[in-house]
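Trainee: I'd like a close look at one part of this structure, namely where the two chains come together. Could you walk me through it and then work outwards from there?

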Amino acid sequence: MDLQERLSIPPEVMARQVGEETVILHLTSGNYFGLNAVGARVWQLISQGVPRAGICEALLPDYDVAREDLERDIERLIHDLLGQGLISIT
Amino acid sequence: VVLRTLPNLLGRAPADALLAYALDNEARFTDTTVGETNTVDRRLRHSRVLTDLGAHRDLVERRVADFIPSLIADLGLTPFTPTGYEIELVAHEDGAFYRRHIDLFSGPGAKGQTAADRLISVVCYLNREPKGFSGGELRLFPQADPSRFALEKPIDVVPEHGTAVAFSSWLPHEVRPVSCPSGKFRDARFAINCWILRHRPVPGAAKR
């Protein structure tokens, strides 16, 4: 895994912020996905073009959690988003 | 926000002119359709439509275009670059309605174009004043996932001449039944539907 690689949102994916959460729609499959508040922050950083490594750095000050735990949770989410075709590696 | 109001999208004189255009072109309105196969189904949608707005189309496009950046921000949507507009003028006469639906997919693209997704729906209301109808509210269901039942209270928009609203095209919505006692076309509830489109990438083209 290259932590400097950037992630991007493919054109067939659209998201909508609903309060603190984000709902993602894969336009071609018609499937919907929900992100909680933390996931929504990760999504926002991805959409802003923050490199993979920078996502944890950006979130760490806001959450009372060990770095390793946050990194693990972020990587798990990124893995899931990649698996569903909701983001891609640039 | 779920719904953005645009109280003076077109301006008074253009709104009046569009209403006059609708009334002058009554004979050209045809039954509305539903789905990707463009089927007339009066159990789901009962109204008439005119897709040719003549010289008015450019103005509608220009005015809607001015609002796109703020609409994307206010509606909390992933930023996107629009690639076109789909515009129609719909007349809801006595007994007309449109059952709950979403707007998302505009169907296969025209010749030489890929299919397009409707990402933002803009609806601008036109009617004679005083109103010759009752009902016809736009009922918007604010839940995020249209496959679920609405848990939140729906939002009703009462149509008023010249006012417009905008919302994400994947929000479920319906047009409540219209009662138009005179039965006259001129007293119907008219609306311009303008969908802000993004065409899908050409298959096989490099992803961004």
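How many residues does the contact take from chain A, and how many from chain B?

Mentor: Keep in mind that this is a predicted model. The contact draws 17 residues from chain A and 22 residues from chain B. Between them, chain A and chain B bury about 1,700 Å², and carbon and sulfur atoms give 62% of that area. On the chain A side, look at M14(A), R16(A) and Y32(A): these supply 42% of the area that chain A buries against chain B, more than any other three residues.

Now for the sheet in chain A. Three strands make up an open sheet there, in the order β2-β3-β4, with antiparallel pairing. β2 (13-18) and β4 (31-35) of chain A are at the edges with a single partner strand each, so one side of each has no neighbour in the sheet. On average, neighbouring strands of this sheet are turned by 20 degrees against each other, if you ignore direction. Strand β3 (residues 21-26) of chain A is joined to β4(A) by five bridges, and the two run antiparallel. If you want a register mark, T22(A) stands opposite L35(A) in β4(A). Helix α1 (residues 37-47) of chain A packs on the sheet and touches β2, β3 and β4 of chain A, with its direction at about 60 degrees to that of β3(A).

The pockets come next, beginning with the second largest one, which holds about 250 Å³ of space. Of its 17 lining residues, Q17(A), T22(A), A40(A), W43(A) and Q44(A) are the closest to its centre. You've met T22(A) already, as the residue opposite L35(A). Both chains help to line this pocket: β2 and α1 of chain A and α2 (56-74) of chain B each supply at least two residues. The biggest share comes from α1(A), with six residues. By class, the lining splits into eight nonpolar, six polar and three charged residues.

The largest pocket has about 800 Å³ of space. It is lined by 38 residues, and the closest to its centre are T33(B), R45(B), Y98(B), R118(B) and W195(B). The elements giving two or more residues to this lining are β5 (84-92), β6 (97-101), β7 (116-126), β12 (173-175) and β14 (189-199) of chain B. Here the classes come out as 18 nonpolar, eleven polar and nine charged.

It's worth following β6(B) a bit further. Strand β3 (residues 45-46) of chain B is joined to β6(B) by two bridges, running antiparallel, and H46(B) stands opposite F97(B). β6(B) also pairs with β12(B) over two bridges, again in the antiparallel sense, and there H101(B) stands opposite H173(B).

Last, two bits of backbone in chain B. The peptide bond from E129(B) to P130(B) is cis, with omega near 0 degrees, and P130(B) sits in the loop between β7 and β8 (134-135) of chain B. N38(B) has phi near 55 degrees, a positive value in a residue other than glycine. You'll find N38(B) in the loop between β2 (30-31) and β3 of chain B.

Notes: Residues numbered from 1 in each chain as written. Chains lettered and ligands numbered in written order. Predicted model: local features only at pLDDT ≥ 70, side-chain atom pairs only at ≥ 80, totals over all residues. Heavy atoms only, no water. Pairing = 2+ DSSP bridges. Helix = DSSP H or I, 4+ residues; strand = E, 2+ residues; numbered from the N terminus. Axes fitted to C-alpha atoms, helices over the stretch in contact; angles between N-to-C directions. Contact = heavy atoms within 4.5 Å. 1 Å grid on protein atoms, 1.4 Å probe; cavity = no way out; pocket = protein on both sides within 12 Å on 5 of 7 lines; lining within 4 Å. Points joined across faces, edges and corners; volume = space filled by probe spheres on them. Nonpolar A, V, L, I, M, F, W, Y, C, P; charged D, E, K, R; others polar. Buried area = accessible area lost by both parts, 1.4 Å probe.
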